[in-house]
Amino acid sequence: MKRLFAAMMALSVAVQPLSALDTEEPTWSIAIHGGAGVIKRANLSAEREAAIRAKLDEALAKGSEILKSGGTSMDAITATIMILENDPNFNAGKGAVFTWEGKNELDTSIMDGKTRNAGAAAGVQYTKNPILLARAVMENSRHVLLSGAGADQFSREQGLEQVDPQYFYTQSRYDSLQRYKAAQTKREAEKSAAKTSSIELKTDAAGLDALGRDYRFGTVGAVAVDKDGNIAAGTSTGGTTGKRWGRVGDSPIIGAGTYADNRSCGISATGTGEYFIRLAVAQEICSRLRHRFRREIDKAQLTVPKDADGNYTYIVHASEFELNEKQVQEEADAVIAELGDIGGDGGIIYVTPFGHSGFSFNTEGMYRARGGSNGTKVIAIYGDE
């Protein structure tokens, strides 16, 4: 065992004997986000920045309290996301953006990493806290994803709190819709004129203009691992300003905007949903971590001494092996880099069964926070924090 431990340390891989793992205090960790995008210091007043940081702190404290007291990761993320859904500063629940028709259509999902059960809803208009609907779909139906009027009907039948759609109205979001529609109308007129006069109207390679980017950031989410090692992940959003034709982004899509698997990680995403769907970002990161785990074990096995007959003197067991924080971050960053390569922007939060928590994003900022049993506490907004 001592030879194995020395070999693992030489590879910068965190390994502990089973005896040590059995005597350690159970660990927990949590990460939350409130959206990623064009978030610059110049665009936030001191008052709004303080309000956002305070709400992230409140949400983090609530989730941490549940986990610290031995509560489940599922309860922790549900309570955390509800706090953000109830705050108009975030594009979820109360602060949801408007569709082109001037409605609020909410999307959400949740996943249990122990069982890999999941629930989701899209186009919800009456449920005060959509994350509760996602959880009800997971726990009380045989389906994974409900949409539109059917999702609202199921919500009522489950006894979840319903509100008049006017509850979701906020002046700032409505004003954003009016600016967006005016700009889009102007752009359509310019395109029509350009077509008539044979003048080329250029856009960037991904077909994303500056106008679109300004209206895409949003979404809230939380991921956690509890003292029993169970992971849960959840996401909730109002979608994108001015969305049309029943558009659905990545947030209610299991594997794209949300994923949880006790064998690898929990992920919640935020950003340009169409690109997260195309890459199945959440599930892709978890899959890469599973493969990385296997590769690192195989590398570690090669360092174990052999006996006279050429057989390994010790077999490395997965139960006494873990990835380190750097390795986890590398895999998350690689997927976000690939997202950027095809034109997508946004970010993710993660936790792992080893207790790691963190973020990866390619935007100017992301409302984010994380904490854990090791005393970690981070609350940040801008990319340079």
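This note covers two nonpolar cores and two loop residues in a predicted model.

1. The largest nonpolar core has 39 residues, and those that touch the most other members are Ile-267, Val-281, Ile-285, Leu-339 and Ile-348. Helix 10, spanning residues 281–302, gives the most to this core, contributing 8 residues. A second core, separate from this one, holds 32 residues, among them Ile-83, Ile-131, Ala-134 and Tyr-382.

2. Ile-348 shows how one core member is surrounded. Beyond its neighbours within four places in sequence, Ile-348 contacts Ile-267, Val-281 and Ile-285, as well as Ser-268, Ala-269, Phe-276, Ala-332, Ile-336, Gly-358, Phe-359, Ser-360 and Met-366. In soluble globular proteins, nonpolar side chains tend to be buried together.

3. Ala-92 lies in the loop that runs between helix 4 (73–85) and strand 2 (106–112). Is Ala-92 buried or exposed? Its relative accessible area is 0%, so Ala-92 counts as buried. Not counting residues up to four places away in sequence, Ala-92 touches Leu-84 and Glu-85, and also Val-220, Ser-236, Thr-237 and Gly-238. Between Ala-92 and Asp-107 the C-alpha to C-alpha distance is 8.4 Å, with the two residues 15 apart in sequence.

4. Asp-87 is also placed in the loop between helix 4 and strand 2. Asp-87 has a relative accessible area of 9%, and is therefore buried, the cut-off being under 20%. With neighbours within four places in sequence left aside, Asp-87 is in contact with Lys-55, Lys-94 and Gly-95.

Conventions:
Residues numbered from 1 in each chain as written. Predicted model: local features only at pLDDT ≥ 70, side-chain atom pairs only at ≥ 80, totals over all residues. Heavy atoms only, no water. Helix = DSSP H or I, 4+ residues; strand = E, 2+ residues; numbered from the N terminus. Buried < 20%, exposed > 50% of the residue type's maximum accessible area, 1.4 Å probe, protein only. Contact = heavy atoms within 4.5 Å. Core = buried A, V, L, I, M, F, W, Y, C linked by side-chain atoms within 4.5 Å.
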